[in-house]
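Where does empty space remain in this protein, and what surrounds it? The report below takes up that topic along with strand pairing and a disulfide.

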Amino acid sequence: MKRSRSARTALPLGFCLLASAAFATPAARAADVNIYTSRQPELIQPVLDAFTQETGLSTATIFIDKGLEERIRAEGANSPADLVMTVDIGRLDAAKQAGVVQPVDSAVLTENIPEQFRDGEKEWFALTARGRVVYASKERVDAEAITYEELADPKWKGRLCTRSGQHQYNIALIAAYIAHHGEDAARQWVTGLRDNLARRPEGGDRDQAKAIYAGECDVALGNTYYVGKMATNEQEPEQKDWANAIKVIMPTFDNGRTHVNISGVSLAKNAPNRENAVKLMEFLSSDEAQKIYAELNYEYPVEPGIETSDLVKSFGELKPDTLSLDEIAKHRTKASEIVDEVNYDGGPQS
């Protein structure tokens, strides 16, 4: 039986033709499905191994953190990429807008993945969801409920920390705010968030939990699955302390729903192994794969009826916003402009 392989690299665009040639060596091209991914390969390897065990089809991954769309476009018809696997509606939409993916008409995908979590033109499909939630200090925050709108309230002045406002996770949240309340209200909201910051935005979501642990701030924005990763991190056990210092609060918009972002998959435009690639896409939406994601990555399955891990259940019930992801994608550019207009990444102004 063939085994799943994982190759990993992250190169600037200037190296993409050279790197493409390296990926197209006989050993790499022998894989039955070649995957370009901005997800850390170790996060998806368990589900790829399960696919190989079930089907006998091998996989190879190449990690591309930035410039994924540009690379596929530069490779053109000779691209070895069969699938694109990435995170956030922004990156999925960027691949679609760049014209480097193609539609997939699959009854299996349509049945397994709710309409809210797939592209209306069938060019991307969500595989998992993660709530964009509030990390709150167990010691210094009594609140058990909060709305996104409330995060701009002056009562949080000097108590909020986040990663860069231009990060895709925050851009998607701001885009969702625009969809709910309009551009002017979103601008006021982001300004309020900026003025409540305890420091200039920096680091990733885990760093915000670390800052709460260190007493630098009391509340932060972060994804749910990072809490699970920190709480079970045996290689860096100090992260367990960060996770233990916070509680997860499911913030909501005024419709009572929580913003989610996603990981997803698309079929590459010139996929040389199209049939095998579609088989993998369908497998990723199956009960088996969704359970692996839930148990090992602490993510929320998009397939209805699949339970989350016990640790994720402890966060409380997630009621995903019913706002279409396509609608969120439409407002990403304006969201990015607002972040720059108010100089969010410059930190608190007073």
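What follows covers the pockets, the cavities, the central strand pairings and the disulfide of a predicted model.

## Pockets and cavities

Four spaces are set side by side here.

| Space | Volume | Lining by class |
|---|---|---|
| Largest pocket | About 660 Å³ | eight nonpolar, seven polar, 11 charged |
| Second largest pocket | About 300 Å³ | 11 nonpolar, four polar, three charged |
| Largest cavity | About 80 Å³ | eight nonpolar, three polar, no charged |
| Second largest cavity | About 40 Å³ | four nonpolar, two polar, one charged |

Start with the largest pocket, at about 660 Å³. Its lining counts 26 residues. Closest to the centre are Gln40, Arg163, Tyr169, Tyr225 and Tyr226. Five elements give two or more residues each to this lining: helix 3 (41–55), helix 5 (88–97), helix 7 (168–181), helix 9 (205–213) and helix 10 (224–231). By class, 11 of the lining residues are charged, eight are nonpolar and seven are polar.

Two of the central tyrosines also carry an annotation. An unreviewed UniProt entry places the feature "binding site" at Tyr225 and Tyr226. Both Tyr225 and Tyr226 belong to the lining of the largest pocket. Tyr225 sits in helix 10. Is Tyr225 buried or exposed? Its relative accessibility is 6%, so Tyr225 counts as buried; the cut-off for that class is under 20%.

The second largest pocket holds about 300 Å³. It has 18 lining residues, and Tyr300, Pro301, Thr308, Leu318 and Pro320 lie nearest its centre. Strand 10 (300–301) and helix 14 (310–313) are the elements that give two or more residues to this lining. Here the class count is 11 nonpolar, four polar and three charged.

Now the enclosed spaces. How many cavities of 30 Å³ or more does a search of the whole structure find? It finds two. The largest cavity, about 80 Å³, is lined by Thr162, Gly165, Asn170, Leu173, Ile174, Trp189, Val190, Leu193, Leu221, Val339 and Tyr344. Helix 7 and helix 8 (183–196) each supply at least two of these residues. No charged residue appears in this lining. Helix 7 thus recurs, since it also gives two or more residues to the lining of the largest pocket.

The second largest cavity holds about 40 Å³. Gln116, His259, Val260, Asp321, Leu323, Leu325 and Ile328 line it. One residue of this lining is charged.

## Strand 5 and its partners

Strand 5 spans residues 125–137. Why is it described as largely enclosed by the rest of the structure? Of its 13 residues, 13 are buried, so the strand is largely enclosed.

Strand 5 pairs with several strands. With strand 9 (residues 260–268) the pairing is antiparallel, over six bridges. Ala126 stands opposite Gly264 there. With strand 7, strand 5 is again antiparallel, over five bridges. Val133 faces Gly222 across that pair.

Strand 8 joins strand 5 through four bridges, also antiparallel. Val134 is opposite Ile249 of strand 8. Strand 8 (residues 246–249) is covered on both faces. Ile246 and Val248 are buried on one side, Lys247 and Ile249 on the other.

Strand 10 completes this account, with two antiparallel bridges to strand 5. Ala129 stands opposite Tyr300 in strand 10. Tyr300 is also one of the residues nearest the centre of the second largest pocket.

## The disulfide

The structure holds one disulfide. Cys161 and Cys217 form it, with their sulfur atoms 2.1 Å apart. Cys161 lies in strand 6 (residues 160–161) and Cys217 in the loop between helix 9 and strand 7 (219–223), so the bond ties together parts that are 56 residues apart in sequence. Both Cys161 and Cys217 are buried.

## A buried loop residue

Val100 lies in the loop between helix 5 and strand 4 (101–102). Which class does Val100 fall into, buried or exposed? With a relative accessible area of 3%, Val100 is buried. Val87 is 13 residues from Val100 in sequence, and their C-alpha atoms are 16 Å apart in space.

Note on methods. Residues are numbered from 1 along each chain as its sequence is written. This is a predicted model: local features need pLDDT of at least 70, side-chain atom pairs count only at pLDDT 80 or more; totals for chains, interfaces and linings use all residues. Side-chain values use heavy atoms; hydrogens and water are left out. On a 1 Å grid over the protein atoms alone, a cavity is a set of points where a 1.4 Å probe fits but cannot get out, and a pocket is an open set with protein on both sides within 12 Å along at least five of seven lines; lining residues have an atom within 4 Å of a point. Grid points are joined across faces, edges and corners, and a volume is the space filled by probe spheres set on the points. Ala, Val, Leu, Ile, Met, Phe, Trp, Tyr, Cys and Pro count as nonpolar, Asp, Glu, Lys and Arg as charged, and the others, Gly among them, as polar. A disulfide is a pair of cysteine sulfur atoms within 2.5 Å. Buried means under 20% relative accessible area, exposed over 50%, partly exposed in between (1.4 Å probe, protein chains only). Two strands pair if DSSP finds at least two bridges between them. UniProt positions are given in the numbering used here, feature names are shortened, and annotations may be inferred rather than shown by experiment.
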